[in-house]
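User: I'd like to go through a few side chains in this one with you. Can you pull it up?

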Amino acid sequence: MSSFSSEERSAPFTLEYRVFLKNEKGQYISPFHDIPIYADKDVFHMVVEVPRWSNAKMEIATKDPLNPIKQDVKKGKLRYVANLFPYKGYIWNYGAIPQTWEDPGHSDKHTGCCGDNDPIDVCEIGSKVCARGEIIRVKVLGILAMIDEGETDWKVIAINVDDPDAANYNDINDVKRLKPGYLEATVDWFRRYKVPDGKPENQFAFNAEFKDKVIMNTTVSESPFQCDPDAAKAIVDALPPPCESACTIPTDGKIYIVVKLH
């Protein structure tokens with residue numbers, strides 16, 4: 001059970017509405033900065049911004065004091081997503097991983113676009129409809145690379161570790177096998193959800209294919225997936241060597257590549 005709690009201020013679906021987060025001592029905290037990324041080894045914290053089947057576009061207010069959750073506003077009006085047939089509102093519990101940020105000054109090599117200046121988004125696919133402001137622990141299964149109005153907007157696919165079926169989900173292929181059609185619906189939803197507002201369809205890197213989780217690293221000191229250089233070298237050495245190549249410069253001044261196949 002989470003040691004975090006939430007407190008609502010003002011009425012929902014108004015410009016003044018806010019959800020503030022508290023720690024186990026009842027002290028107000030920032031869900032953006034004060035909640036750890038990791039809940040446990042292989043497990044991340046997720047801040048639930050939008051419960052499944054709801055329509056109000058709620059998000060962590062990264063520029064407000066204490067970063068409460070509030071409803072997004074465009075041109076002075078509260079934002080809602082349309083019921084995009086055959087879906088009702090958001091089709092997963094939607095939220096973010098705390099202490100993450102998609103850098104608007106960094107161009108992602110996979111998408112060719114800079115980050116969207118927000119925390120990394122999560123689509124939680126478990127059976128429970130979570131509450132706005134709830135902090136849950138999730139297991140990452142895969143990721144989708146969306147391009148939203150020219151910005152990189154990664155969507156992490158995850159499942160609540162407390163879900164009754166969580167043990168059956170360990171990677172993106174398990175989602176394909178156990179929830180047939182769900183990933184296709186996810187791409188369809190993200191592609192079209194802004195069209196009712198007069199916006200163009202969103203695009204995706206990797207031909208809208210979901211990528212499996214790959215989180216091993218050698219430099220992120222707080223990561224539970226960090227491995228030392230010797231372990232990394234052992235992974236590489238376990239594979240057969242590539243073909244040998246040599247570059248020679250003959251007297252005609254041209255460069256030739258000589259390849260020897262094993």
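User: Which side chain of opposite charge is nearest to Glu124?

Analyst: This is a predicted model, where local features need pLDDT of at least 70, side-chain atom pairs count only at pLDDT 80 or more, and totals for chains, interfaces and linings use all residues. Numbering runs from 1 along each chain as its sequence is written, and side-chain values use heavy atoms, with hydrogens and water left out. Glu124 is buried (under 20% relative accessible area, 1.4 Å probe, protein chains only) and has no salt bridge (a side-chain nitrogen of Lys or Arg within 4 Å of a carboxyl oxygen of Asp or Glu). At 4.5 Å, the nearest opposite charge (Lys and Arg positive, Asp and Glu negative; His and chain ends not counted) is on Arg52.

User: Which residue has its backbone nitrogen 2.7 Å from a polar atom of the Glu124 side chain?

Analyst: Glu124 sits in strand E11, residues 121-124 (strands are DSSP runs of at least two residues, numbered from the N terminus). The backbone nitrogen at 2.7 Å from its side chain belongs to Gly126.

User: Why do Tyr94 and Phe190 count as a tilted pair?

Analyst: By the ring rule (Phe, Tyr and six-membered Trp rings with centres within 6.5 Å; planes under 30 degrees apart are stacked, over 60 edge-to-face, the rest tilted) there are 14 aromatic pairs. The centres of Tyr94 and Phe190 are 6.3 Å apart, and the pair is tilted because their planes are at 50°.

User: What is the relative accessible area of Phe190?

Analyst: Ring pairs tie Phe190 into a cluster with Tyr90, Trp92, Tyr94, Trp189 and Tyr193. Phe190 is buried, with a relative accessible area of 1%.

Terms used. Helix = DSSP H or I, 4+ residues; strand = E, 2+ residues; numbered from the N terminus. Buried < 20%, exposed > 50% of the residue type's maximum accessible area, 1.4 Å probe, protein only. Polar contact = N/O pair within 3.5 Å; in protein donor to acceptor, adjacent residues only side chain to side chain.
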